[in-house]
Amino acid sequence: MLNDTVAEKLNAQINSELFASHLYMSIAAYFASLDLTGMAKWFQAHSIEEHEHARKLFNFMEKRGGRITIGKLDAPKAEFDSPADAWKTAYEHEKHVTAAIHDIFSAAAEAREYGTTAMLQWFLEEQVEEEDTFRRNYKLALAAGDDEWNLQDMDDRLGQRAPAPMIEE
Ligand SMILES: [Fe+2]
Ligand SMILES: [Fe+2]
């Protein structure tokens, strides 16, 4: 059985990944409202990825005999000042997720839940990639400002993103 504290934190993280999925759909809707369809598509794909993160943790908890409870999702932020502001919101959210993963990792190590620390290794590496991706795109959006030409160029490139792969479990 999973250690109680670790189980509670993993359960909270499942719900947090579901919220991230929700938030990224909201950001996709904002970009769609600006006719920046490439970025809208990018955030839709990322929303699916976050849902997959929730599923990965879900399947791990299930294997370890932890009781999973799915709670109510808060309404995500829906209005943004600019494309850069939307990217900033996403980047800040990723940093918040990284801190949460670190916290679960510490609790798992302290409880000698080494199966959990091994599983979380994947999330630690994923967060390094996530922060890097979001920081770069935030900076690009900042540089583009309200220049339509630059925004369309960024939009074209991000629109080429392939659909998110399913995580095998
Ligand atoms: Fe995630
Ligand atoms: Fe993420």
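Trainee: Which arrangement do the four donor atoms around the iron ion (ligand 2) adopt, and why?

Mentor: For reference, four tetrahedral donors ideally subtend angles of 109.5 degrees at a metal. In this predicted model, the angles between the four donor atoms around the iron ion (ligand 2) run from 54 to 147°, so the arrangement is irregular. A tetrahedral label would require all angles to lie between 85 and 135 degrees.

Trainee: Which protein atoms are the donors of the iron ion (ligand 2)?

Mentor: They are OE atoms of Glu50, Glu94 and Glu130, with Glu94 listed twice, at 1.9 to 2.6 Å from the ion. Along the chain, the donors of ligand 2 follow the spacing E-x43-E-x35-E. Glu50 belongs to helix H2 and Glu94 to helix H3 (residues 83-110), so the pair ties together parts that are 44 residues apart in sequence.

Trainee: Are Glu50 and Glu94 buried or exposed?

Mentor: Both Glu50 and Glu94 are buried.

Trainee: How should the other metal site be read, and which residues are the protein donors of the iron ion (ligand 1)?

Mentor: One reads it in the same order: donors, spacing, then location. The protein donors of ligand 1 are Glu17 (OE), Glu50 (OE) and His53 (ND1), lying 2.1 Å from the iron ion. Their spacing in sequence is E-x32-E-x2-H. Glu17, in helix H1 (residues 4-33), and Glu50, in helix H2 (residues 37-63), are 33 residues apart and link distant parts of the chain. Glu17 is buried, as is Glu50.

Trainee: Which residue coordinates both iron ions, and how far apart are the ions?

Mentor: Glu50 coordinates both, and 3.4 Å separates the iron ion (ligand 1) from the iron ion (ligand 2).

Trainee: Let us turn to the nonpolar interior. Which residues have the most contacts inside the largest nonpolar core?

Mentor: In soluble globular proteins, nonpolar side chains tend to be buried together. Here the largest nonpolar core has 24 residues, and those with the most contacts inside it are Tyr24, Ile27, Phe31, Met39, Phe43, Trp87 and Phe134. Two or more residues of this core come from each of H1, H2, H3, helix H4 (114-144) and helix H5 (148-158). H1 provides the largest share, six residues. Another core, of 19 residues, lies apart from it and includes Leu2, Leu10, Ala54 and Ile101.

Trainee: What does Phe134 touch, beyond its neighbours within four places in sequence?

Mentor: Phe134 is in contact with Tyr24, Trp42, Phe43, His46, Trp87, Ala90, Tyr91 and Glu94. Glu94, one of these partners, is also a donor of the iron ion (ligand 2).

Trainee: How many aromatic pairs are there, and how is the geometry of a pair read?

Mentor: The count is 14 aromatic pairs. The reading rests on the distance between ring centres and the angle between planes. For Trp42 and Phe43, the centres are 5.1 Å apart and the planes stand at 65°, so the pair is edge-to-face. The relative accessible area of Trp42 is 5%, so Trp42 is buried; for Phe43 the value is 0%, which likewise means buried. Trp87 and Phe134 form a tilted pair, at 6.0 Å centre to centre and 55° between the planes. That pair links distant parts of the chain, with Trp87 in helix H3 and Phe134 in helix H4, 47 residues apart. Both Trp87 and Phe134 are buried.

Trainee: Which residues form one aromatic cluster?

Mentor: The cluster consists of Tyr24, Tyr30, Phe31, Trp42, Phe43, Phe80, Trp87 and Phe134.

Trainee: Which charged residue lies over the face of Trp42, and which sits over the ring of Trp122?

Mentor: Arg161 lies over the face of Trp42, 4.5 Å from the ring centre. Over Trp122 sits the charged end of Lys56, 4.6 Å from the centre of the ring.

Trainee: Where is Glu113, and why does Glu113 count as buried or exposed?

Mentor: Glu113 is in the loop between H3 and H4. Its relative accessibility is 6%, so Glu113 counts as buried. Beyond residues up to four places away in sequence, Glu113 touches Met1, Leu2, Asn3, Val6, Arg64 and Ala108. Leu2, one of these partners, is among the residues of the 19-residue core.

Trainee: And what are the surroundings of Ala40?

Mentor: Ala40 is in helix H2 and, at 8% relative accessibility, counts as buried. Setting aside neighbours within four places in sequence, Ala40 is in contact with Ala28, Phe31 and Ala32.

How values were computed. Residues numbered from 1 in each chain as written. Chains lettered and ligands numbered in written order. Predicted model: local features only at pLDDT ≥ 70, side-chain atom pairs only at ≥ 80, totals over all residues. Heavy atoms only, no water. Donors = N, O, S within 2.8 Å, 3.2 Å for Na, K, Ca; no water. Helix = DSSP H or I, 4+ residues; strand = E, 2+ residues; numbered from the N terminus. Buried < 20%, exposed > 50% of the residue type's maximum accessible area, 1.4 Å probe, protein only. Tetrahedral: all angles 85-135°; square planar, octahedral: opposite > 155°, others 65-115°. Core = buried A, V, L, I, M, F, W, Y, C linked by side-chain atoms within 4.5 Å. Contact = heavy atoms within 4.5 Å. Phe/Tyr/Trp six-rings, centres within 6.5 Å; stacked < 30°, edge-to-face > 60°. Lys NZ or Arg CZ within 6 Å of the ring centre and 35° of its normal.
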